[in-house]
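Subject: Structure handover

Hello,

Here is the structure we spoke about, for you to look through. My notes on it follow.

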Amino acid sequence: MKTIALIGDGIAAQAFLFTYYQERLHKDFELTQFYAPDRAPAVTESSTAIVALRGVELGVSELGDKIFQSYVDFKNFVSHAKPQGVELIKHSTCWATDFENDQKYSKRFPNFEVRGQTKYYEEEAFLIYPTQLSASLKKPFTHRRQEALVKNLQWQDNQWQVQTHDIEKFDYVLVCAGAYSPWLLNDERTQKTKPAQGSFLVWKLDKKLSSFALSFEEINVIYREKTQELILGSTTMDNGYSFIPEINKLQKLYQKYADHFQPDFLPAFEAAKIITGLRHKGPKRLPYWGAAPIGPQAYQIDSFYKNGWSFAFSAALGIVKILKTLDV
Ligand SMILES: Cc1cc2nc3c(=O)[nH]c(=O)nc-3n(C[C@H](O)[C@H](O)[C@H](O)COP(=O)(O)OP(=O)(O)OC[C@H]3O[C@@H](n4cnc5c(N)ncnc54)[C@H](O)[C@@H]3O)c2cc1C
């Protein structure tokens with residue numbers, strides 16, 4: 001039996017593993033999963049986690065096509081697997097009638113509706129509870145899990161040496177390291193990718209609201225009914241591996257939303273918990289899955305940037321298809 005080392009425990013790794021077990025590849029490979037929550041926290045647990053098309057259509061750009069296809073793949077996953085932690089909702093893209101980008105938005109989101117000083121465009125979307133969906137995906141897992149930071153990967157004597165505090169040898173490696181990929185992998189493509197920090201505010205709010213998600217211009221506001229969490233964000237900053245949030249930007253987003261809608265349910269800014277995670281931005285914001293150019297028998301899934309929850313399910317199908325063609 002061939003051995004495989006999987007590095008990562010975010011949605012990229014979890015969606016891959018779910019598909020791997022569904023396709024019964026665990027009968028062909030012996031898999032060990034490495035992950036390092038203390039040294040390399042998964043952004044998957046610090047994500048606003050909405051899957052929506054936001055007006056994206058097929059045939060306009062390479063990125064748009066990937067977003068569209070991954071939306072379809074995510075929807076198929078939900079309808080077949082019926083996982084916990086996913087709710088079908090209506091997502092509103094909305095903007096002020098005097099917004100400077102009104103013309104651009106009105107063109108991109110046709111059939112909008114005007115209510116007072118705001119234009120609304122509604123579409124189907126999925127609201128995700130990250131912890132519940134992760135637990136649902138992990139149910140079939142029986143492989144070995146090793147909590148350890150992988151410091152180096154080296155191809156030697158036809159095997160991959162995975163270096164932690166120890167050295168273990170594997171036939172194949174699959175790296176799902178998100179924003180930490182350029183730290184671990186030295187190839188030219190991965191070195192062009194970078195971490196991009198994002199932060200948002202969260203309040204516990206017991207107001208008997210139903211789940212909702214809206215994007216008001218650059219602001220996202222989400223309510224997760226089951227966990228009674230109100231979320232408002234998010235910031236975006238290309239800044240290496242910093243977890244220090246941009247508080248001034250968060251304050252501005254909060255104030256702009258409060259001034260426009262004056263919602264009676266919005267708690268004080270100071271009462272919010274601030275969550276920060278590291279997205280991973282690839283060239284042209286494109287995701288990547290396929291061979292890893294670090295050597296033979298190596299694969300990679302990363303650069304999900306702002307669409308990780310759907311890209312992960314397309315990537316899983318892509319990598320499982322490759323593994324099925326291997327002579328093991
Ligand atoms: C504020 C914010 C809001 C977002 N909102 C959305 C949204 O609404 N919709 C959406 O689709 N996406 C959203 N995203 C993006 C989405 O969360 C990510 O694209 C996705 O979670 C990335 O998953 P991943 O598995 O690639 O990376 P991660 O979740 O970061 O996982 C990487 C894993 O690799 C492990 N690892 C890395 N290096 C090593 C190493 N050397 N040794 C051992 N283990 C290692 C880590 O421990 C971790 O388990 C948002 C992100 C942020 C920050």
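The buried residues of α4 are covered by elements that include α1, β4 (86–96) and β6 (118–128). This is a predicted model. Helix α4 itself spans residues 130–138, and Pro130, Leu133, Ser134 and Leu137 are buried in it. Viewed down the axis of α4, the buried residues keep within an arc of 100 degrees, so they line one face of the helix. The general background is that an α-helix has 3.6 residues a turn, so residues three or four places apart point the same way.

On domains: the assignment for the chain gives domain 1 (1–70 + 129–193 + 282–328) and domain 2 (86–128 + 194–281). Taken over C-alpha atoms, the centres of domain 1 and domain 2 are separated by 28 Å. Domain 1 puts 27 residues into the contact, and domain 2 puts in 29 residues. On the side of domain 1 that touches domain 2, β3, α4 and α5 (181–184) supply at least two residues each. The largest share there, three residues, is from β3. By class, that side of domain 1 consists of 14 nonpolar, nine polar and four charged residues.

On the ligand: 42 residues surround it, and Gly10, Ser47, Gly178, Gly198 and Gly308 come nearest. Elements that give two or more residues to this shell include α1 (11–22), β3 (50–52), β12 (194–204) and α8 (308–325). The shell takes at least three residues from each of domain 1 and domain 2. Its classes are 24 nonpolar, 14 polar and four charged residues.

Regards

Methods:
Residues numbered from 1 in each chain as written. Predicted model: local features only at pLDDT ≥ 70, side-chain atom pairs only at ≥ 80, totals over all residues. Near = placed C-beta within 6 Å. Helix = DSSP H or I, 4+ residues; strand = E, 2+ residues; numbered from the N terminus. Nonpolar A, V, L, I, M, F, W, Y, C, P; charged D, E, K, R; others polar. Domains from an automatic or database assignment. Buried ≥ 20, exposed ≤ 12 C-beta atoms within 10 Å, placed from the backbone. Arc of directions from axis to C-beta. Contact = placed C-beta atoms within 7 Å.
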